[in-house]
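Got the viewer open? Let's take a walk through this structure, one selection at a time.

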Amino acid sequence: MKELRGMPVTKAMLKDLEEKIRELKEKGRVPKLAIVRVGEREDDLSYEAGVYKRFQSVGAEVETKALAENVSQSELESCIAQLNEDESVNGVLMFRPLPGHLEEKRIKGLLKQEKDIDCLTSDNDAHLFAADGLGYAPCTPQAVMELLAYYQIPLTGKKVTIVGRSMVVGKPLAMMMLAENATVTICHTKTVDLKEECRKSDILVAAAGVPKLITDEYVRPGQIVIDVGIHVIDEKLCGDVDYEKVAPIVEAITPVPGGVGSVTTAVLLKHTVLSAIIINSKGRGSNEGKVCIS
Ligand code: NAD
């Protein structure tokens with residue numbers, strides 16, 4: 001069994017990004033991400049800390065707009081409007097889900113597409129589903145794609161089963177894999193025989209948000225297993241895959257921690273740097289237009 005670790009993928013990405021950041025700085029531009037966080041959810045805080053560490057390690061900037069749990073719709077909307085106009089900010093990441101009293105759909109419609117580096121806007125969704133090579137994909141599915149590319153795991157003609165149909169992971173990943181010529185099956189809570197759907201795949205992606213859902217009964221020898229899940233159980237991290245039971249059977253597997261999650265912040269940095277390059281090439285104050293995924 002081969003362990004598909006995230007760190008070598010991240011290191012390769014950072015090498016390229018450091019060079020791009022240096023070139024941007026020579027032109028007087030520092031890539032800058034703004035994080036919009038409503039409340040203080042533990043998983044948001046932990047992701048945020050990871051983002052700061054990754055960005056600061058390469059000289060990119062991050063700023064957090066920390067809003068109270070009971071922030072009003074209009075306050076949140078003004079925050080997004082202000083970030084749209086702030087020329088020093090070229091990427092905006094808003095943690096979701098938002099508290100129930102806030103209308104997420106309206107916020108999504110406000111953010112400028114060229115600063116939407118995590119595919120919050122319907123413009124970027126449309127690019128993703130059209131597979132037209134424009135816009136920014138959401139960072140987590142993009143991290144899965146980066147990992148597969150790094151380990152030279154081809155998708156053309158492969159049967160992929162994705163467990164999970166969320167707009168953050170399952171659906172966009174299915175579209176990205178389809179664009180790479182995979183034959184994709186998307187499973188969910190109403191799937192009739194999940195074990196069989198998982199076993200018949202060449203590549204199995206677990207993104208169900210259920211700790212250790214995928215056991216030895218869901219896999220067979222020769223498969224590649226990608227675990228997107230992140231959970232804290234008894235103060236220890238685990239994924240949607242029962243690693244101890246699955247790893248001895250399959251050909252390759254991503255660990256948790258140390259797998260997909262560790263690549264996600266590198267993708268966020270990649271998108272932020274790309275946005276800075278595009279905005280810089282158009283000149284400050286003129287950041288209209290479409291951008292390319294990578
Ligand atoms: P979600 O809860 O929004 O969606 C889960 C999906 O899985 C749903 O579509 C649901 O139908 C399906 N599902 C749930 N239980 C199932 C079951 N028993 N059988 C079949 N399908 C089932 O979750 P999400 O936001 O897509 O996140 C999925 C997982 O990925 C979570 O563990 C989350 O923590 C993790 N995550 C990781 C990263 C990362 O960077 N690695 C980023 C975002 C989310």
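Start with the salt bridges: searching the whole structure turns up 16 of them. Keep in mind as you click around that this is a predicted model.

Select Glu3 and Arg5 to begin. Their side chains meet in a salt bridge, with N to O at 2.9 Å. Switch on the surface and you can check how open each one is: Glu3 is partly exposed, at 29% relative accessible area, and Arg5 is partly exposed too, at 37%.

Next, pick Arg41 and Asp43. Here the side chains form a salt bridge with an N to O distance of 2.6 Å. Arg41 has 33% relative accessibility, so it counts as partly exposed, and Asp43, with 43% relative accessible area, is partly exposed as well.

Now go to Lys195 and Glu217, whose side chains meet in a salt bridge of 3.2 Å, N to O. Lys195 sits in helix α8 (residues 194-199), while Glu217 is in the loop between β7 (203-206) and β8, so this pair ties together parts that are 22 residues apart in sequence. How exposed is Lys195? Its relative accessibility is 29%, so it counts as partly exposed. Glu217 is also partly exposed, because its relative accessibility is 44%.

One more salt-bridge stop: select Glu19, Arg22 and Glu26 together. Salt bridges with shared partners join these three residues into one network.

**On to the ligand**

Show the ligand and the residues around it. There are 21 residues surrounding it, and the closest are Thr140, Arg165, Ser166, Val228 and Thr264. Zoom in on Ser166: an N or O atom in its side chain is 2.5 Å from an oxygen atom of the ligand. Then turn to Thr264, where a polar side-chain atom lies 2.9 Å from a ligand oxygen. For a backbone contact, select Thr189, which has a polar backbone atom 3.4 Å from a nitrogen atom of the ligand. How much of the ligand does the protein cover? On its own the ligand has 850 Å² of accessible area, and the protein covers 71% of that.

**A histidine and the cysteines**

Thr264 was one of the closest residues to the ligand. For the next stop, pick His271, which lies in helix α10 (residues 260-282). Is His271 buried or exposed? It counts as buried, because its relative accessibility is 0%. Add Ile117 to the selection and you'll see its backbone oxygen 2.9 Å from a polar atom of the His271 side chain.

Now color the cysteines. A disulfide is a covalent bond between the sulfur atoms of two cysteines. How many does a search of the whole structure find? Zero disulfides. Cys79 is in none, and the nearest cysteine sulfur, in Cys139, is 18 Å away. Cys79 is also buried, with 8% relative accessible area. Then select Cys119: the closest cysteine sulfur, again in Cys139, is 9.3 Å from its own, which is too far for a bond. Cys119 is buried as well, at 5% relative accessible area.

**Backbone oddities**

Hide the side chains for a moment and follow the backbone. Between Arg96 and Pro97 you'll find a cis peptide bond, with omega at about 0 degrees. Pro97 is in the loop between β4 (91-94) and α4 (104-110). Another cis peptide bond runs from Val256 to Pro257, with omega near 0 degrees. To find Pro257, look in the loop between β11 (252-253) and α10.

Next come some positive phi angles in residues other than glycine. Ala131 has phi near 50 degrees, and its place is in the loop between α5 (122-130) and α6 (139-150). Glu235 has phi near 65 degrees and is found in the loop between β9 and β10 (236-238). With 78% relative accessible area, Glu235 is exposed.

**Last stop: a patch on the surface**

Turn the surface back on and select Ile230, Val232 and Leu237. Together they make a nonpolar surface patch of about 300 Å². Ile230 is in the loop between β8 (224-227) and β9 (231-233). Its relative accessibility is 57%, so Ile230 counts as exposed.

Definitions and conventions: Residues numbered from 1 in each chain as written. Predicted model: local features only at pLDDT ≥ 70, side-chain atom pairs only at ≥ 80, totals over all residues. Heavy atoms only, no water. Patch = residues over 30% accessible without salt bridge, like charges linked within 9 Å, V, L, I, M, F, W, Y side chains within 5 Å. Areas by Shrake-Rupley, 256 points an atom, 1.4 Å probe, with all protein chains shown as cover. Salt bridge = Lys/Arg side-chain N within 4 Å of Asp/Glu carboxyl O. Helix = DSSP H or I, 4+ residues; strand = E, 2+ residues; numbered from the N terminus. Buried < 20%, exposed > 50% of the residue type's maximum accessible area, 1.4 Å probe, protein only. Disulfide = S-S within 2.5 Å. Near = heavy atom within 4 Å. Polar contact = N/O pair within 3.5 Å; in protein donor to acceptor, adjacent residues only side chain to side chain.
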